[in-house]
Amino acid sequence: MAVRLWVVTLAMAALLIVDREVPVSAKEELTFSRMPICEHMEEFPVCSQTSTPVCGTDGVTYDSECQLCLTRLKTKLDVQIVKDGKC
């Protein structure tokens, strides 16, 4: 019985520690990025003139996902897409 009470007490203490909310300041934002689909592209493909802007993790607005892929190929940087549309 004492062991069972001890286990329950430890479990409750663990829940209280894990369940705390950590305040996040207004300046800090969680950003999630996604990988552009570049695998099918040639070394340096010609991108279409259709403008569907995407915002890169480097803070640059690219005219299209294809343009972002070109930048990845040329610079070898791991630029990802933060969101569709302008930054």
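Author: Buried here means under 20% relative accessible area, with exposed over 50% and partly exposed in between (1.4 Å probe, protein chains only). This is a predicted model: local features need pLDDT of at least 70, side-chain atom pairs count only at pLDDT 80 or more, and totals for chains, interfaces and linings use all residues. Residues are numbered from 1 along each chain as its sequence is written, and side-chain values use heavy atoms, leaving out hydrogens and water.

Reader: OK, what share of the protein chain counts as buried?
Author: Of its 87 residues, 21% do.

Reader: What makes a stretch a helix or a strand, and how many are there?
Author: They're DSSP runs, numbered from the N terminus: H or I over at least four residues for a helix, E over at least two for a strand. The protein chain has two helices and three strands, in the pattern α-β-β-α-β.

Reader: How do you know that β1 and β3 pair?
Author: Pairing takes at least two bridges found by DSSP. Strand β1 (residues 54–56) and β3 have three, in the antiparallel sense, so they count as paired. Gly56 sits opposite Ile81 in β3.

Reader: Why are β2 and β3 called edge strands?
Author: The open sheet runs β2-β1-β3, with antiparallel pairing. β2 and β3 (81–84) each have a single partner strand, so one side of each lacks a neighbour in the sheet.

Reader: Where does pLDDT stay under 50?
Author: Over residues 19–27. pLDDT is the predictor's confidence in each residue, from 0 to 100. The model gives that stretch zero contacts (heavy atoms within 4.5 Å) beyond four places in sequence. The mean for the protein chain is 76.
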